[in-house]
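Got the viewer open? Then let's walk through this one stop by stop, with something to select each time.

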Amino acid sequence: MSYENPEVPHEVNVARDNALVEFLRLLAGVGLVVLAVAAVLYLTSSWLARLIPFSTERAWVGDRVLGIEIAPSSVSDHAAIERYLQSLCDELAATMQLPDSMTIQVHYTQARIPNAFATLGGHVAVTSELYRLMPSENALAMVLAHEIAHVKARDPISALGGGASLALVFALVSGEADNLAPWLAGLVQLGYSRGAEQRADEEAVAALVTRYGHAGGAASVFEVLAEHSGAIAGSVPTFLSTHPADAARIADLTRAADGWDPSRAPLAPIAVPGTND
Amino acid sequence: MELTTLETVPGKTITRHLGLVQGSTVRSKHAGKDFLAGLKNFVGGELKSYTALLNESRNEAIERMVAQAKAVGANAIVNIRFSTSNIAAGAAEVMAYGTAVVVG
Amino acid sequence: MEAIVQIGFFVVLLAIGWFAGRANEKRHFRELAEVEASLRDILVFNERRPPPEREFRSGTLVVGSVVIAEDYFKRIAAGLRSLVGGRLTAYESLLDRGRREAIVRMKQEARRVGATMIFNVRLETSSLSEDRSGRAPMFSAEFIAYGTALVPAGRP
């Protein structure tokens with residue numbers, strides 16, 4: 001009987017294939033599946049969110065304007081401006097065939113960045129800087145009508161639904177569920193898809209035509225904003241320096257005002273001028 | 001290759017003792033079956049998917065141990081023992097080890 | 001954006017895990033091969049019966065143990081693999097290292113007592129990761145090899 005310990009092959013218990021290659025292949029495979037699932041979930045929840053009745057959305061949100069801090073300005077005619085905006089909004093909304101339960105509430109907020117957006121519950125916010133920059137009532141009406149169109153199309157709640165499913169996928173993948181709520185609230189402000197923006201533009205133009213008989217002044221909104229951002233960036237504001245999507249928008253809106261004669265149908269001035277505060 | 005948990009192979013004599021051989025494998029069930037097994041926690045009973053998983057693992061561990069034994073020229077493995085341990089990522093390691101011998 | 005910072009952080013950790021982890025492992029395997037070669041004269045069996053025809057002066061318990069932890073790359077690779085199921089090759093090298101190191105340490109203890117053979121060797125592996133709240137804990141395992149070291153009669 002002999003006792004020996006010949007050398008055993010240890011590779012039997014350790015697989016030879018490159019760990020990095022296998023890892024990358026797995027990552028690619030799992031990544032593709034996750035992306036596909038996320039895309040399907042996003043589309044489904046965006047669509048499903050629109051089915052929630054507006055009255056429920058409004059009841060849930062109440063008076064809260066989600067996605068932005070409403071900063072009351074120190075200007076004395078802040079209330080007057082807000083009233084003006086609200087009445088302009090109401091007049092436009094009346095021509096846009098909103099469902100009965102849908103009411104739009106406009107908020108005027110102090111901010112250095114020109115912005116206007118629609119959020120949950122029919123709340124629309126307009127910043128003081130945007131208000132100050134608008135050259136005519138027609139331009140202002142374009143802005144308001146555009147936001148009303150977003151509310152009418154239920155874009156805010158659709159964005160929230162889509163964002164919620166993306167946040168869910170993200171939380172499942174990364175294992176973190178702590179900071180979802182502020183993430184979600186911020187998503188509403190991020191903006192809508194190109195298609196949604198285009199649809200809102202078209203509806204706003206139609207509202208302008210109904211109210212003023214023409215779409216003059218609509219393009220000026222984006223021209224002014226482009227000039228403003230160009231001036232801030234320090235570069236010479238030219239038509240070509242705008243974002244290509246904005247350039248296309250300006251072109252579309254200018255075309256929508258074809259046949260408008262400014263001398264025969266001048267743009268209406270802003271009833272309550274905004275001040276530099 | 002003769003496999004036994006005894007000290008000897010019954011009916012044969014050991015002529016050469018060739019030392020320790022081991023085979024081990026780590027396997028994991030996929031997330032779907034894991035989730036279903038988690039649900040089964042409510043009603044209890046056999047987790048068929050895990051039983052199957054560990055059976056596969058044990059067979060593979062034995063195969064690897066046999067491969068090591070063959071490489072050192074053995075024709076039997078005696079005193080086979082198993083050891084199972086839980087690996088954090090929802091997987092289990094099964095190890096089989098024994099002494100490789102030549103029986104005549 | 002915060003998400004990009006998180007992803008960047010993750011990739012950096014993964015890279016550290018990969019490079020440092022692989023270097024570590026390679027070094028350990030090389031050392032193991034050397035030490036195993038020097039300890040080859042100590043014979044190891046898991047049989048219970050020591051050779052009947054030889055005389056032994058004493059038999060003592062010898063134990064070798066080591067705790068080895070995973071690196072970040074292994075952890076993520078294992079997490080991915082658990083999603084689809086199958087063999088977890090990332091851990092195979094870790095377990096192999098641990099077992100061989102434990103056996104080496106057991107042999108070293110046997111060498112210290114002057115033994116030439118170890119019988120009734122048993123191997124145990126136990127996972128040490130505790131359940132901390134929140135994220136999954138880092139996996140680490142303790143490997144033990146123990147047996148009875150036989151010192152041949154006639155040795156001083």
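Select chain A to start: of its 277 residues, 32% count as buried, where buried means that 20 or more other C-beta atoms lie within 10 Å of a residue's own, exposed means 12 or fewer, and partly exposed is in between, with C-beta atoms placed from the backbone. This is a predicted model, in which local features need pLDDT of at least 70 and side-chain atom pairs count only at pLDDT 80 or more, while totals for chains, interfaces and linings use all residues. To find your way, residues are numbered from 1 along each chain as its sequence is written, and chains are lettered from A and ligands numbered from 1 in the order in which they are written.

**Chain A, overall**

Switch to cartoon. Chain A shows 10 helices and four strands; these are DSSP runs numbered from the N terminus, with helices being H or I of at least four residues and strands being E of at least two. Trace the chain and you'll read β-α-α-α-β-β-β-α-α-α-α-α-α-α. Among its contacts between residues at least 6 apart in sequence, 76% join residues at least 24 apart; a contact means that two C-beta atoms, placed from the backbone, lie within 7 Å.

**The sheet in chain A**

Now pick residues 105-109, 116-119 and 123-127 of chain A, which are E2, E3 and E4. They form an open three-stranded sheet in the order E2-E4-E3, with mixed pairing; strands pair if DSSP finds at least two bridges between them. E2 and E3 of chain A are the edge strands, each pairing on one side only. From one strand to the next the twist averages 20°, with angles taken between N-to-C directions on a scale from 0 to 180 degrees, and axes being lines fitted to C-alpha atoms, for helices over the stretch in contact.

Zoom in on E3(A) and E4(A): they run antiparallel, joined by four bridges. One pair to label is A:Ala118 and its bridge partner A:Val124 in E4(A). Add helix H5 (residues 137-152) of chain A, which packs on the sheet, touches E3 and E4, and makes about 20° with the direction of E3(A). Then add H3(A), lying across E2 and E4 of chain A at about 145° to E2(A).

Follow the loop from helix H3 (78-95) to strand E2 (105-109) of chain A and stop at A:Gln97. What is its phi? A:Gln97 has a positive phi of about 55°, although it is not a glycine. This residue counts as exposed because it has 9 C-beta neighbours inside 10 Å.

**Where A meets B**

Show chain B alongside chain A. The contact takes 14 residues from chain B and 10 residues from chain A. On the chain B side, strand E2 (14-28) and helix H2 (48-71) each give two or more residues, with the largest share, nine residues, coming from E2(B). Strand E1 (residues 2-3) of chain A runs parallel to E2(B), joined to it by two bridges. Label A:Ser2 and you'll find B:Arg16 opposite.

**Where B meets C**

Swap chain A for chain C. Here 29 residues of chain B are in contact with 33 residues of chain C. E2(B) again has the largest share of the chain B side, nine residues. E2(B) also pairs with strand E3 (residues 86-87) of chain C, antiparallel over two bridges, and B:Ser28 has C:Gly86 as its bridge partner.

While chain B is on screen, select B:Asn79 in strand E3 (residues 76-87). Its phi is positive, near 60°, and it isn't a glycine. Buried or exposed? B:Asn79 is buried, because 22 other C-beta atoms lie within 10 Å.

**A helix in chain C**

Go to helix H2 (residues 72-84) of chain C. Its end C-alpha atoms are 19 Å apart, which agrees with the 18 Å that 13 residues should span at 1.5 Å a residue; the expected span is 1.5 Å times one less than the number of residues. Buried residues of H2(C) include C:Phe73, C:Ile76 and C:Arg81. Next comes C:Gly85, with a positive phi near 85°.

**Last stop: confidence**

Colour by pLDDT, the predictor's confidence in each residue, from 0 to 100. Chain A has a mean of 82, running from a mean of 55 in helix H7 (residues 180-189) to 92 in H5(A). Over residues 235-242 of chain A, pLDDT stays under 50. Chain C has a mean of 88, and the model scores ipTM 0.86 and pTM 0.72.
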